[in-house]
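Hi,

Here is the structure I promised to pass on. Have a look at it first, and then read on for what turned up among the side chains.

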Amino acid sequence: MSAEESLVISNDAYYYFEVLHMEGNAYQQEIPVWKLPFGYSYNMRNNKIPNVDNLRHWELPMIYDIDFSINLIDRLPPINLPSLVILRISNNRITNIDALKQSDLSGLELLDISHNLIEGELPVVKLRSLKTLNLEHNSISSIINLGDCRLPNLVTLKLSHNSIVGCMPIVYM
């Protein structure tokens with residue numbers, strides 16, 4: 001598909017595919033509401049998607065991996081995908097991740113929100129299955145709330161290239 005062509009996906013469609021890879025296109029519409037009973041992996045990396053607000057309405061009971069990296073996304077909605085294991089949403093324009101407090105991502109093991117515009121304090125999130133959290137290359141100024149997060153399985157925390165000042169919190173996993 002050339003950059004001049006556009007891809008139209010109907011919001012009313014009911015698809016049965018397990019894997020959708022559309023990386024490297026010029027897709028610039030809001031993502032549709034998908035009800036994919038067998039969906040496993042969705043890669044929409046390197047497009048021009050402006051937002052992912054419809055994620056709050058997705059019905060993907062078997063989803064494992066979603067990649068929305070390298071797009072134009074500026075915010076996260078609450079996401080209720082308890083089977084999701086990997087969420088990559090790096091290299092976008094996200095300014096805060098407060099919506100994670102209202103999300104059900106109980107199976108999430110890897111969250112990559114690096115290379116965004118996240119500012120201020122890290123919010124209190126409870127992601128009990130999370131093993132890797134990548135917040136590199138943002139503008140986070142405080143991680144004091146990290147001590148209140150419930151991250152008992154966290155093995156890797158990447159915070160390089162932020163604006164962190166102040167004390168390191170006491171963390172009880």
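Before the aromatics, a word on terms: two rings of Phe, Tyr or Trp (its six-membered ring) are called a pair if their centres lie within 6.5 Å, and planes over 60 degrees apart make the pair edge-to-face. Also keep in mind that this is a predicted model.

Aromatic pairs

By that rule, the structure holds three aromatic pairs. Take Tyr42 and Trp58: their ring centres are 6.2 Å apart and the planes sit at 70 degrees, so this one is edge-to-face. Tyr42 belongs to strand β2 (residues 41–43), while Trp58 is in the loop between β2 and β3 (65–67), so the pair ties together parts that are 16 residues apart in sequence. Both Tyr42 and Trp58 are buried. Together with Phe68, Tyr42 and Trp58 make up one aromatic cluster.

Salt bridges

Now for the charged side chains. There are five salt bridges in the structure, and here are some of them.

Asp53 bridges to Arg75, with 2.7 Å between the closest N and O atoms. This pair links distant parts of the chain, 22 residues apart: Asp53 is in the loop between β2 and β3, and Arg75 in the loop between β3 and β4 (86–88). How buried or exposed are the two ends? Asp53 has 16% relative accessibility, so it counts as buried, whereas Arg75, at 37%, counts as partly exposed. Asp53 and Arg75 also belong to a network of salt bridges that takes in Asp74.

Next, Asp65 and Arg88 meet in a salt bridge at 3.2 Å, N to O. Since Asp65 lies in strand β3 and Arg88 in strand β4, the pair ties together parts that are 23 residues apart in sequence. Asp65 is buried, its relative accessible area being 16%, and Arg88 counts as partly exposed at 25% relative accessibility.

Further along the chain, the side chains of Glu109 and Lys131 form a salt bridge with an N to O distance of 3.7 Å. Here too the pair links distant parts of the chain: Glu109 is in the loop between β4 and β5 (110–112), and Lys131 in the loop between β6 (119–121) and β7 (132–134), 22 residues apart. Glu109 is partly exposed, with a relative accessible area of 31%, and Lys131 also counts as partly exposed, at 38% relative accessibility.

Cheers

Conventions: Residues numbered from 1 in each chain as written. Predicted model: local features only at pLDDT ≥ 70, side-chain atom pairs only at ≥ 80, totals over all residues. Heavy atoms only, no water. Phe/Tyr/Trp six-rings, centres within 6.5 Å; stacked < 30°, edge-to-face > 60°. Helix = DSSP H or I, 4+ residues; strand = E, 2+ residues; numbered from the N terminus. Buried < 20%, exposed > 50% of the residue type's maximum accessible area, 1.4 Å probe, protein only. Salt bridge = Lys/Arg side-chain N within 4 Å of Asp/Glu carboxyl O.
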